Structure formats: C-alpha cells, structure tokens
Amino acid sequence: MTLQIKTIEEYNTAYQKSVENPEGFWAEQAETFTWQKKWDKVLEWDFKKPDVKWFVGGTLNITENCLDRHLTTRGDQVAIIWEPNEPSQDFKTYTYKELHAEVCKCANALKAQGIGKGDRVCFYMPMVAELAIGVLACARIGAIHSVVFAGFSAQALADRVKDAQAKMIICSDFNSRGKKHIPVKQVVDEAIAMGCDSVEKVLVYKNGRNEVTWNDNLDIWWHDTVDSQSADCPAEPMDSEDILFILYTSGSTGKPKGVVHTCGGYMVYTCFSFKNVFQYDDGDIYWCTADIGWITGHSYIVYGPLLAGATTMMFEGVPTYPNSGRFWDICDKHKVNQFYTAPTAIRALMAKGDEWVSRYQLDSIKVLGSVGEPINIEAWNWYNKVVGKEKAPIVDTWWQTETGGIMISPLANITPLKPCYATLPLPGIQACLVDTEGNEIEGNNVEGLLCIKFPWPSMIRTTYGDHERCRQVYFSAFENKYFTGDGARRDENGMYRIIGRVDDVINVSGHRMGTAEVENAINEHSNVVESAVVGYPHDIKGQGIYAYVITNYPVADQDAFRKEIKDTVSREIGPIAKPDKIQIVSGLPKTRSGKIMRRILRKIASGDTSNLGDISTLLNPDIVQEVKDGAI
C-alpha cells in the first residue's frame, strides 16, 4: 500500500528523498496501484509551456483502484455512509461490493445513452450517494465528469456546460438542504434554455415527491435506466494523462476557468496525501463535510478515501439543521474518527455557543481538519478546546482546486502544530517564497509570494479549451514556478502561514469568487453604471463581499435597490456571491489610466482608513473622502 509516514523522522527522510529523487519517490508510490500497463517514464515537464506529464505511457483506470482492487480483501467493508438531510430518515451504507455494482450499473446506463470515452458529463446534484456513483461511473468508461455545485444559478450552470460542451447533464429533481426544498431540475431546464446545444440527454435522479417539467426527447429518470443494468462493466483503459475531470473555479477575469486533472498523477497523489495528512487507519470512519461540487469533495470524499480503502461519509444537509448540534450528533452516531470541515462552519457553530457541542461525547474523534481558507486564531482555539478537547490534532490544510490535493499541512500526530499555520509541505512539494521580482527569498522569518518550483503528480494540466490562459494565470508571473496567487509567511522553524490572496479573488466561506465575476453580475442591473467589488473581514465567512456601486439615476428606496442587486447576483451566479454590503457612490478612485484602485477600496471596506497611501496621483482624489464618509 501507499507509504504512510508515522514519525517526524520518517517525514524528514521522505521529504529529503522526494526532493533529491522525485521520480524515484513517486514511482515507489505509484507501484502500489493496479496499472493495466506500466509507465515508460515517470516524469516529463516544462513550466514555460506549461507541459507536465506523470507516469508517461502508463494505462490504468482509477475506478479499478477505488473499487475492484479492494473486492477480495474488503468487499464487505462499508465504503460510503450516506447521512440524509432529515435526521428522522434512515442513513444508507454501501459496501465496496455494493458500490462496485452500483457504479457498473450506472456506467452501463451511460453507455446505453451514447456516452463514451472523452465525452463530457456535467453533474448538478445534491449530496446524495448517486452523485459519487455517477462520478465514478464516468471515470469507469472514460467520460470526463464536471461537477457544478448545485447552489449555482442557471446562468452559471449554462456557462460551464457550454464551456465543457457537455453531452449530458445528471441532476436530481429536488434538493433538500436544511429547511429548503430546492427545484434543481427547474434550474437545469432554465440553463438548457440558455443555449446549451451540446446537451443530448438529462438524467434525473428522483430525490423528492414533487412534479417536475418533463421533456420526453431529453429527460430520462435514473430509476428507469440505471436500476435494470448489468452490474458488470469492464473498466476503460485510460492513459495516465487522459482527462479525469474538469472543475470550474472563479478567476479574476470573470469567466470561470475549467481546471483539468488527469488520471494517473491525481490518483497517486490524492491517496498519498489522504493517508498521510489524516493518518487514516483501517476501520476508521472518516467524514469530510464538503460538497462534491468543490475540489475538496472530489479529492477527499470520493477519490482519496476510496483509493485508500477507507470508509468515507457523505452528508446531504447543513450544520445548523434541525439545530446547531447536527455535526456533533452525526459524529457520535457514526463514531467518526477524522472530521474535516471549513473555518466558516467552525465560526458559525462557535457563534451558537459551546452548549451545542458539550452535550455530545465526541470521544471517537482522533483528527480534526480545516480546509478552504486560513483559519483564524479564535476559531482554531475553539475547535481545539471545545470540539477536540485538546486531544485531537488540527490539520490546517492549504491547497487549491488547481493543486488537486493537499500541499502544505501538518500530518496528524506527527508534525508539531502551530495555530493558524499550515506548517510544512508534504513530501514532493517544493514550496518557496519569492519577492515581486521573482527572486527566491531564502531563510526563515520571511514573507513573500508562495510558489511551487517543481511539479507534483496531481497538479493542473491546463484550463479546458484555453491552454494559454493556464500559462498566463499560473506560470507567467515567475520563471519556472507555479504561482499560487497567495502570500505566505515562513517562521523561524520553516513553517508556513498562508496570509491570503494577492489577486482580485475573494475567499467567501472557503469558495473563491472572482471580483470581476461579481461585478459583471451587478452591472446587469439596469440602474448600475459601474461597480467595484472587494473583500473585507467577516466574522463568519472569513471574507465578505463589499460592493461599491455607481447608479444611472438617484435611488429613492435604497433597501429595495440593494435587494434588487442581490437578486441579480443570485440569478447570475448564485446566492453564495451576494454582496454583504452595498454602498452607492458617485465615483470610484481611479488611476489616470482608468484602473480602479482596489487597494483603497479594500482599506475603506475593512474600516482601516488611517493610511490610504498617496492619493494625489489619482484621476479623482476628491472621491476618496466621499467614499470614506459613506462607508457602511
């Protein structure tokens, strides 16, 4: 099986080897998997193009490694526990044998509908087990899955479907989240009406009891086509560098980027990082609370745990329904050993009071994890003391959609912990800090821009359909380095603390929102001339969205106007992107070339107006005082 590091000495040895002989190190990890044909060469790379290939010439199918190879040794072990939105409803379990059968049936159903290797299949589904089954079914037959978070708007869904030229959408009829009953199929219908001409079929899983609009030429029920299929489906041979999935992430230019991950390297790295960061042992119950619509769900609900032969949990609901003890109730009910969630959830539950935690035992928890954004000290301390009882190490994980897997993180019970620090890079991750000129900053007690100077197996290969964009965004800033877009600090012991984004991307509840994307949506309102969006510190979300808006004509009812803007953003992107604060202004601070000075707007939004720097060179310096005076 994949190497599992057990001491800090073993970490140091593994890290040293991974830097001195990366190809040898990763070849050893890859050897532990089932390959239909072994690779000819471990690595070819050139960051200038960029062009990165791992396990060149090897063929495999990731689902043989997630499912088939476990059947003889752990076929009757539970692979997935599904916990429903309603506590009164029974949870479901799937053993590795059962999951294998369901995946094969779904794969055969997809083939019967004309889906084959290389076709793109878009998912817009709640957190039901069928989402994981469908994703694995695509991988089984070589179709490329693209999961869109089922909270995005019809417009956002349509943009992603069109970009991927998806041949099929798989959705549910309805989605239950807390008290909400969300008409998922209706959103898909609206998206298709926006010109998604590539879509030939919509496969609908029945998750509610309500009527839905139906198109006999397009729509098929899951139960009508999947349930009757054979439970035997041979795994399609895939080249190590064939595309496994596309996952869209917000960019600073407004248009979502389709991040491409491939089969071989992603498989090797997600399993390795899962086993080592969480120190998963046979028999443990592991729960990541993320949605599969994000990379965390791909890598650490589906692929990483199943590759490692783990028992992984999926949860349909939200942490505060029916009350604020839901997470902890589930932890006790299923005897969860590793619990992985976002700082946003931690802060929201912390605000509800300790009593919601203290009524539960939580004595099964061995490891706590944090993901999505840097965790603040108050949340870290509360998580450690109240939830972990100072017995469960917190793995504060830093990584990105583009990295495919966790890059900098403590290894549970091995790496010394430091609150708010992601600590040390995983073996194989050659992190460095550079200044704005790209010069590497040596030594400790330093701050700079976080880059990675050597390829790792699960890294982004391209942005779908636009390779130049991939080069520009990630590889053009500094020669021969992947630029993360984050600033970081390295302490006296070489431990890393992530400071946050240095580009025009806001991290809202762990989800990256491009400022241009939100501005474009706001500007759709008929009374908006121009807008500027920045992030500001938010007690629960980490960062909130602050919008400065210039109007065509005076606004009589400001509350109604703000609601209209929020509704517009919800419609264009989704509720997650709604501005928290909207300030109406007569102008925006701009340079003489017309560039909005977001640095000034960020300071005003955060309430820090003590030092706005030199504003005399602005095109309109007088506007700064007006914006300051009107700040919310």
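Phenylalanine 123 stands opposite isoleucine 170, a residue of strand β8, in this predicted model. That pair is a good place to start, since it belongs to the contact between strand β6 (residues 120-124) and β8, which pair in the parallel sense over four bridges. On the subject of pairing, a short reminder may help: strands of a sheet pair through backbone hydrogen bonds, either parallel or antiparallel. Strand β8 also pairs with β11 (residues 201-205), again in the parallel sense, this time over five bridges. Within that pairing, cysteine 171 has valine 204 of β11 as its bridge partner.

Now look at how β8 sits in its surroundings. Five of the five residues of this strand (residues 168-172) are buried, so β8 is largely enclosed by the rest of the structure. Its side chains alternate: Met168, Ile170 and Ser172 point one way, Ile169 and Cys171 point the other way, and all are buried.

Let us step back to the chain as a whole. Its secondary structure comes to 20 helices and 30 strands. The radius of gyration is 24 Å, close to the 26 Å that the globule rule gives for 632 residues, so the chain is as compact as a globular protein of that length. Along its principal axes, the C-alpha trace spans about 75 × 60 × 55 Å. Of the 632 residues, 62% are buried. If you consider contacts with a separation of 6 or more, 71% of them are between residues 24 or more positions apart. On the outside, the accessible surface comes to about 23,100 Å², and carbon and sulfur atoms hold 47% of it.

What about the interior? The largest nonpolar core has 124 residues, and Leu99, Leu110, Phe278 and Tyr303 are those with the most contacts inside it. A second, separate core of 45 residues includes Leu157, Val204, Ala547 and Val569. You have met Val204 already, as the partner of cysteine 171. Back in the largest core, leucine 99 gives a feel for the packing: leaving aside residues up to four places away in sequence, it touches Leu67, Ala79, Ile80, Tyr94, Ile133, Leu136 and Leu306.

Next comes an open sheet of seven strands, in the order β5-β4-β17-β16-β18-β19-β20, with mixed pairing. At its edges stand β5 (92-95) and β20 (394-396), each with a single partner strand, so one side of each is left without a neighbour in the sheet. Neighbouring strands here are turned by 20° against each other on average, direction ignored. Helix α6 (residues 129-141) packs on the sheet, where it touches β4 (78-83), β5 and β17 (311-315), and its direction makes about 25° with that of β5. At the β20 end, three bridges join this strand to β19 (residues 367-370), and the two run parallel. Leucine 368 stands opposite isoleucine 394 of β20 there.

Strands β19 and β20 also help to cover a helix. In α15 (residues 377-387), the buried residues are Ala379, Trp380, Trp382, Tyr383, Asn384, Val386 and Val387. These buried residues pack against β19 and β20, and also against α12 (326-334), β18 (338-341), α13 (343-351) and α14 (355-358). After α15 comes lysine 389, with a positive phi near 55°.

Further along is an open sheet of four strands, in the order β21-β22-β24-β25, with antiparallel pairing. The edge strands β21 (431-434) and β25 (496-501) each pair on one side only. Neighbouring strands in this sheet are turned by 45° against each other on average, direction ignored. Four bridges join β21 to β22 (residues 446-452), and alanine 431 stands opposite isoleucine 452.

Cysteine 451 has its place in β22. Is this residue buried or exposed? Cysteine 451 is buried, with a relative accessible area of 0%. Not counting residues up to four places away in sequence, its contacts include Ala431, Cys432, Phe478 and Tyr482.

Finally, visit serine 509, in the loop between β26 (505-508) and β27 (511-514). Its relative accessible area is 18%, and it counts as buried because the cut-off is under 20%. Beyond residues up to four places away in sequence, serine 509 touches Thr344, Glu373 and Lys541.

Note on methods. Residues numbered from 1 in each chain as written. Predicted model: local features only at pLDDT ≥ 70, side-chain atom pairs only at ≥ 80, totals over all residues. Heavy atoms only, no water. Core = buried A, V, L, I, M, F, W, Y, C linked by side-chain atoms within 4.5 Å. Buried < 20%, exposed > 50% of the residue type's maximum accessible area, 1.4 Å probe, protein only. Contact = heavy atoms within 4.5 Å. Pairing = 2+ DSSP bridges. Axes fitted to C-alpha atoms, helices over the stretch in contact; angles between N-to-C directions. Rg over C-alpha atoms; globule rule 2.2 N^0.38 Å. Areas by Shrake-Rupley, 256 points an atom, 1.4 Å probe, with all protein chains shown as cover.
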